[in-house]
Amino acid sequence: MNNILCIAEIRNGALRQVSFELINVARKIAGALDGKIEAAVVGANVAKLADDFAKGGVSTLYLIDDPGLAQFAPEAYSAALAQIIREAKPSVVLWGATGHGKELSGRVAAKLDLGLATDCIDVRVENGELLLMRPIYAGKAIATVKAKTLPVMVSIRPNIFPPVVDDNAGAEIKQLQLAPVPVRAKVTEAAQKEEKGVDLAEAKVVISGGRGVKSADGFGPLRELAKTLNGALGASRAAVDSGWIDYTHQVGQTGKTVAPQLYIAAGISGAIQHLAGMSSSKVIVAINKDAEAPIFKIADYGIVGDLFEVVPALNEEFKKLLANN
Amino acid sequence: MFRGNVSGLTTDMNVVVLMKRVPDTESRIVVRDGAVVMDGLAWVISPYDEYAVEEAIRLVEKNTGKSTVLTLGPEESKETIRKALALGIDDAVHLNDPVFLNGDASTTATILAAALKKIPFDLILAGKQAVDDDNAQVALRVAELLDLPHVNSVIQFELSSDKKSARCVREVDGERDVCVTSLPAIITAQQGLNEPRFASVKGIMGAKKKPIVDWKAADLGLDGGSIGKEAMKLEVVRIDPPPPRPPGKIIPGDAKTAAQQLVRLLREEAKAI
C-alpha cells in the first residue's frame with residue numbers, strides 16, 4: 001500500500017487552491033502506486049475546512065485542531081504535521097510549493113529524515129520509480145529527479161495542475177491530539193495585507209509592467225486592465241528598483257514565481273531573471289515598442305507598439321467582450 | 001539534543017552566514033547530454049545570501065563579536081569566499097572535500113550542521129533559497145538538525161537589547177507578519193532585508209590577508225555513510241532544457257486594431273479569457 005498524503009494549505013481561514021491541485025497530482029499517481037489518497041489539515045478552528053477538504057477521492061483525512069495553533073509557529077506546525085505523517089505512514093507526501101509550504105516541508109523533511117523535491121511541475125511513476133520534474137537555474141533547465149527511497153516528500157508548484165472540483169464527500173476523519181512542543185519562534189502580529197486586490201500568486205490573470213511604464217503613474221492603465229480582468233498587477237525588477245511600484249509585485253528570480261492562465265507583459269524587455277518568474281504561464285502576451293525585445297521570443301502573442309496606446313485599447317476591448325457575456 | 005553554541009556571557013554577537021557560490025543567472029545555461037555545461041559560467045554569491053552577508057556585517061558592526069562565512073563547495077569557492085571577506089566578514093570556513101560535493105539537500109544539511117557544531121554562534125543567517133537549485137530547504141533542515149528555531153524569509157531583523165531574542169518581519173506569500181524568536185536561531189533572508197554594500201578597495205586588499213580555514217569530512221567526524229551517494233535521498237536522473245514554446249504571433253496594425261484582434265484570439269484561439 002503506497003498511500004499519498006496531501007497537506008492542505010490554509011490561509012486566512014480558507015483552504016488555498018493549491019490544496020485541491022495536490023489532490024489532482026495524487027490521483028495521477030495513485031493508480032501506479034496502488035495507493036489511497038489521504039489528506040491532512042492542521043490549525044486552529046479548522047474542523048469546517050477539514051470537511052471541505054475531505055472530498056475528491058480522499059479516503060482518510062487526518063486532522064489536528066488545536067487552539068495553540070492559532071498563531072503560526074514553525075516548530076508547532078512542523079511537529080503537528082510530522083505527527084500526522086508518522087500516524088498515516090504514506091509513501092508520498094504532497095505539499096503546495098507556496099512560501100508557507102516550502103518553509104514547513106523543509107523543516108518536516110529533516111525531522112522525519114525524508115527526501116524533499118521542491119517546486120515540482122510534474123510527477124510520474126515510471127518502471128516502479130517515482131520521478132519528479134522541477135525547474136532549476138531560475139527555470140533555465142528542468143531536472144528530473146528520482147526518489148531513491150520512500151517515503152518521500154514533494155512540493156508542487158501552484159497553478160500547474162488544475163484543482164480538483166469534486167463534491168463527493170466520504171472521507172473518514174481521524175482527529176489527533178497535538179503533542180505539546182516547545183515553541184521558541186512564533187508570529188505575534190498576524191499579516192496586514194499591503195494592498196487590496198487579487199493575490200499575485202493565485203491570480204488567473206497577471207498584468208505586469210516594466211521599464212517601459214516610465215513612472216509610478218504609468219502603472220495606471222495597467223491597474224485598470226487588471227481590474228477589468230479581475231487580475232493581479234505584477235512588475236519587473238527594473239520598475240521596482242526605480243521606485244514605481246512596491247517590490248511585493250515583483251515577478252522574477254528574486255521576486256515571485258507565477259503561473260497564471262494569462263500573463264500580459266507591458267514595457268518589459270524579457271530579461272532571464274524576469275522570465276524565471278513567469279515562463280510557466282499558460283498564455284503570454286508581450287507589448288513593447290522594441291520589436292527586438294527578448295520577451296517576444298517566448299510570447300504567444302505580441303504587439304509592437306506603445307503600451308500607453310495598446311493597454312487602454314485592450315481594456316476597452318476586454319470590457320466589451322466581458323459585457324457581452 | 002543539540003541546543004546551539006551560545007557564545008557566552010559577553011554581549012558579543014557571533015553570526016555565521018551560510019553562503020553558496022552559484023552561477024550568475026546572467027550566464028547562458030547550456031544543457032547538453034542530460035547535464036548542464038559547467039564551462040564558461042560566471043560565478044557569484046547567491047543573491048539571497050548577499051542579504052545574509054550584509055546583515056551579518058551590520059550586526060557585528062553594531063554589537064561587537066565576529067562574523068563567519070561558511071561555504072560548502074569546490075576549491076574555486078575560495079574566490080567567492082574572498083568576496084564576502086572583502087565586504088567585511090571576519091572569518092571564513094570552507095567545507096572543502098570532494099566527498100561533500102554533488103550531494104542533495106539532506107546530505108548538505110548534515111555536513112553544515114556538523115560544521116556549525118564547531119563554530120560558536122548566536123545567530124545563523126542564510127538566503128531563503130539558492131538560485132541554482134532553487135530548493136529552499138537546506139537552511140530549514142539545518143535548523144531542525146541543530147534543534148534551533150527559525151524565522152523564514154525575513155525583511156526586517158531587530159535584535160533585542162539583551163540580545164537573547166529578535167523581532168523579525170517575515171514576508172511569505174505576499175503577506176508580512178511579525179515573528180519573534182529566541183536566540184540562537186536561524187534566519188533566512190528575503191529581498192528587502194537590506195541593501196548589500198559594495199566592497200571597498202581597502203576591503204578587497206584586506207581580504208587577501210584573512211585566512212580561510214579548510215575543513216574536510218574527517219575534521220567534522222563524518223564518515224562517507226552519512227554523506228555520500230548512499231545517504232542521498234534524491235538522485236538527479238537527467239537535466240533537460242525547458243520545453244520550447246511554439247513560436248508566437250506578432251499582431252499587426254495600430255493599437256486599436258491590434259487590441260481587437262488580440263482579444264479575439266485570446267478568447268477564441270488561446271481560450272485564455
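Strands are taken here as DSSP runs of E of at least two residues, numbered from the N terminus. In the predicted model, D119(A) falls within one such run, strand β7 of chain A, which covers residues 115-120. The residue is buried, its relative accessible area being 10%, and its side chain makes a polar contact of 2.8 Å with that of R157(A). When neighbours within four places in sequence are set aside, the residues in contact with D119(A) are A97(A), R134(A), P135(A), S155(A) and R157(A).

The association of the two chains was examined next. The contact involves 93 residues of chain A and 82 residues of chain B, and the area buried between them is about 7,400 Å², with carbon and sulfur atoms giving 52% of that value. On the chain B side, the residues that lose the most area to chain A are D173(B), K233(B) and R245(B), which together account for 10% of what that side buries.

Between the chains, 45 residue pairs are in polar contact, both members being at pLDDT 80 or more. Several elements of chain B, including α1 (47-63), β9 (150-159), β10 (165-172) and α7 (255-268), each supply at least two residues of the side that touches chain A, and the largest share, 10 residues, is that of α7(B). By class, this side of chain B comprises 40 nonpolar, 14 polar and 28 charged residues. Strand pairing also crosses between the chains, in that strand β18 of chain A (residues 301-304) runs parallel to β15(B) and is joined to it by two bridges, with G302(A) standing opposite I250(B).

Salt bridges number 38 over all chains, and 10 are found across the interface of chain B and chain A. R170(B) takes part in a salt bridge with E103(A) at 2.9 Å and in another with D177(B) at 3.0 Å; R170(B) counts as buried at 4% relative accessibility, as does D177(B) at 12%. A network of salt bridges links E9(A), R11(A), R16(A), D199(A) and E202(A) with D173(B) and E175(B).

Within chain B, K78(B) and D214(B) form a salt bridge of 2.7 Å, a pair that connects helix α2 (residues 77-87) with strand β13 (residues 212-215) across a separation of 136 residues. K78(B) has a relative accessible area of 17% and is therefore buried, the limit being under 20%, whereas D214(B), at 32%, is partly exposed. Within chain A, R124(A) and E126(A) meet in a salt bridge of 3.0 Å, and both residues count as partly exposed, R124(A) at 29% and E126(A) at 34% relative accessibility.

Methods
Residues are numbered from 1 along each chain as its sequence is written. Chains are lettered from A and ligands numbered from 1 in the order in which they are written. This is a predicted model: local features need pLDDT of at least 70, side-chain atom pairs count only at pLDDT 80 or more; totals for chains, interfaces and linings use all residues. Side-chain values use heavy atoms; hydrogens and water are left out. Helices (H or I, at least four residues) and strands (E, at least two) are DSSP runs, numbered from the N terminus. Buried means under 20% relative accessible area, exposed over 50%, partly exposed in between (1.4 Å probe, protein chains only). A polar contact is a pair of N or O atoms within 3.5 Å; within protein, one must be able to donate a hydrogen and the other to accept it, and residues adjacent in sequence count only if both atoms are side-chain atoms. Contact means heavy atoms within 4.5 Å. Buried area is the accessible area (1.4 Å probe) that two parts lose on being put together, summed over both. A salt bridge is a side-chain nitrogen of Lys or Arg within 4 Å of a carboxyl oxygen of Asp or Glu. Ala, Val, Leu, Ile, Met, Phe, Trp, Tyr, Cys and Pro count as nonpolar, Asp, Glu, Lys and Arg as charged, and the others, Gly among them, as polar. Two strands pair if DSSP finds at least two bridges between them.
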